[in-house]
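Reader: I've got this one open on my screen. Please take a close look at how its inside is packed, then walk me outwards from there at bench pace.

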Amino acid sequence: MTVAVIIVAAGRGTRAGAGEPKQWRMLAGEPVLAHTVRAFRGVGRILVVLHPEDMRLGLDLFGGTVTLVAGGAARDASVRAALGCLEGSDVTRVLIHDGARPLVPAGVIREVLAALDDAPAAAPALAVTDALWRGAHGLVTGTQDRSGLYRAQTPQGFRLPDILAAYRAHPGGAADDVEVARAAGLPVHITEGAEDNLKITWPRDFARAEAILKLRKDHEMDIRTGNGFDVHAFTEGDHVTLCGVKVPHTRGLLGHSDADVGMHALTDAIYGALAEGDIGRHFPPSDPQWKGAASRIFLEHAVRLAAERGYRISNCDVTLICERPKVGPHALDMGTALAGIMGIETGRVSVKATTSERLGFTGREEGIAAIATVTLIGE
Ligand SMILES: Nc1ccn([C@@H]2O[C@H](COP(=O)(O)OP(=O)(O)OP(=O)(O)O)[C@@H](O)[C@H]2O)c(=O)n1
Ligand SMILES: C[C@](O)(CO)[C@H](O)COP(=O)(O)O
């Protein structure tokens with residue numbers, strides 16, 4: 001299946017107000033048409049139909065990434081010009097879309113294409129939900145049954161030979177491609193349209209489109225994951241500090257700071273998610289000022305760095321690996337301590353432990369290892 005996308009943008013946008021035609025006006029920092037074309041990248045070969053006077057603008061904006069076609073005096077003439085370029089090609093399906101509908105959601109495009117597996121023509125639409133009136137001179141003159149009425153959208157999709165034949169047989173003057181297809185007797189399947197898929201027609205539509213784009217940006221999630229791993233050897237002592245909690249033990253942990261292996265793994269996980277190296281990069285062991293330091297200083301720094309970059313910690317999971325001391329009885333206190341330092345709810349912090357079945361250095365009780373995973377969310 002080879003798909004072609006025809007984007008018609010040769011109109012003058014007279015209803016959208018004075019100034020340059022609407023498809024060249026800026027929307028969230030880019031011409032309207034740039035948004036429209038982007039929505040179809042990866043769908044198929046793209047043909048953009050432009051007013052003959054706008055060909056230079058098209059070349060500057062798209063270079064050779066799309067085929068530019070000179071349009072006609074009405075929408076249907078512009079579509080005809082592009083269809084003419086596809087005659088004899090290997091294209092099997094064609095989507096015809098208004099350049100003035102820059103916010104078409106991917107799902108709308110997908111549904112139209114999928115419907116063409118079983119139908120010769122398909123197009124998105126929204127059922128009319130408001131009551132309909134007839135009116136004149138500011139007065140309601142009658143009502144109109146809304147049942148079975150739809151608001152037509154684009155892209156309108158067809159099998160290429162069918163729509164070529166339909167346009168050849170049509171006298172001209174159709175409002176859209178569905179009208180041409182129906183005149184040729186093609187059944188047109190209705191797919192679900194979207195309110196976001198508005199056609200910029202009037203000056204107020206720019207503000208609507210900007211608001212939709214802003215909402216989409218607000219909902220874009222930047223999610224980052226990081227992991228950390230640390231090991232500290234046992235030494236002489238009567239306690240270990242794990243995830244901020246002092247746990248009595250027959251040995252201590254050897255380290256430049258307080259050797260809180262769990263908190264170090266967690267701190268490294270945060271640095272990792274930020275692509276900011278590890279604790280050693282921010283607190284070099286060669287620097288005497290960190291000798292015996294409480295590891296919360298490191299964790300606080302990593303959390304602050306995340307906040308400065310616009311991230312909050314969604315959750316973290318720390319696993320301590322040792323035979324002894326037994327972590328279970330302290331795990332809740334450890335979670336509470338970490339949550340307090342990070343300023344998040346305890347339900348977002350997990351601390352658990354495992355043995356290594358007496359295997360390896362942790363099994364021989366030479367030291368404690370810890371791994372941690374963290375998820376950061378951009379705000
Ligand atoms: N001769 C034309 C007329 C329209 N179109 C395109 O068809 C789409 C839908 O048309 P419409 O919204 O009516 O655009 P305009 O004709 O530009 O607007 P107006 O009627 O307000 O002048 C637009 O992307 C428009 O650029 C086209 O390619 N060639
Ligand atoms: C094709 C179309 O977008 C379907 O809604 C519409 O018919 C073209 O725009 P116009 O405002 O009717 O000129």
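Author: Start with the contacts: of those in the protein with a separation of 6 or more, 69% are between residues 24 or more positions apart. "Contact" here means that two C-beta atoms, placed from the backbone, lie within 7 Å. Before going on, bear in mind that this is a predicted model, where local features need pLDDT of at least 70 and side-chain atom pairs count only at pLDDT 80 or more, while totals for chains, interfaces and linings use all residues. Residues are numbered from 1 along each chain as its sequence is written, and chains are lettered from A and ligands numbered from 1 in the order in which they are written.

Of the 379 residues of the protein, 38% count as buried. That label needs 20 or more other C-beta atoms within 10 Å of a residue's own (again placed from the backbone); 12 or fewer makes it exposed, and anything in between is partly exposed. For secondary structure, the protein has 12 helices and 19 strands, taken as DSSP runs numbered from the N terminus: H or I of at least four residues for a helix, E of at least two for a strand.

Now the inside itself. As background, nonpolar side chains in soluble globular proteins tend to be buried together. A nonpolar core is a set of buried Ala, Val, Leu, Ile, Met, Phe, Trp, Tyr and Cys residues joined through C-beta atoms within 7 Å. The largest one holds 50 residues, and Ile 6, Ile 7, Leu 47, Val 48, Val 49 and Val 94 touch the most other members. Strand β1 gives this core its largest share, 6 residues. A second core, separate from it, has 43 residues, among them Ala 306, Ala 337, Ala 353 and Ile 368.

Zoom in on Leu 47. Leaving out residues up to four places away in sequence, Leu 47 touches Ala 4, Val 5 and Ile 6, then Val 66, Thr 67 and Val 69, plus Ala 82 and Cys 85.

Two helices are worth a slow look. In α4 (residues 106-115), Val 108, Ile 109 and Val 112 are buried. Looking down the α4 axis, these buried residues fall within an arc of 100°, so they line one face of the helix. The arc is that of the directions from the helix axis to the C-beta atoms. The spacing is familiar: an α-helix has 3.6 residues a turn, so residues three or four places apart point the same way. Ala 106, Gly 107 and Arg 110 are exposed on the other side of α4. Covering the buried residues of α4 are, among others, β6 (93-98), β7 (121-127), β11 (156-159) and β12 (188-192).

Helix α5 (residues 160-169) can be read likewise. Its buried residues are Ile 163, Ala 166 and Tyr 167, and they cover an arc of only 95° around the axis, which puts them on the same side of α5. Pro 161, Arg 168 and Ala 169 are exposed on the other side of α5. The partners that the buried residues of α5 pack against are α3, β6, β11 and α6 (177-183).

Just before β11, check the backbone: Thr 154 and Pro 155 are joined by a cis peptide bond, with omega about 10°, and Pro 155 lies in the loop between β10 (150-152) and β11. Most peptide bonds are trans. Another cis bond joins Arg 324 and Pro 325, with omega about 0°.

Thr 154 also takes us to ligand 2, whose surroundings are Asp 98, Ala 152, Gln 153, Thr 154, Ala 175, Asp 176, Lys 199 and Thr 201. Being in such a shell takes a C-beta atom, placed from the backbone, within 6 Å of the molecule. By class, this shell has 2 nonpolar, 3 polar and 3 charged residues. Here Ala, Val, Leu, Ile, Met, Phe, Trp, Tyr, Cys and Pro count as nonpolar, Asp, Glu, Lys and Arg as charged, and the others, Gly among them, as polar.

Ligand 1 has 22 residues around it, with Val 8, Ala 10, Gly 11, Arg 15 and Ser 78 the closest. The elements giving two or more residues to that shell are β1 (3-9) and α3 (75-86). So to finish, look back at β1, which also supplies the largest share of the 50-residue core.
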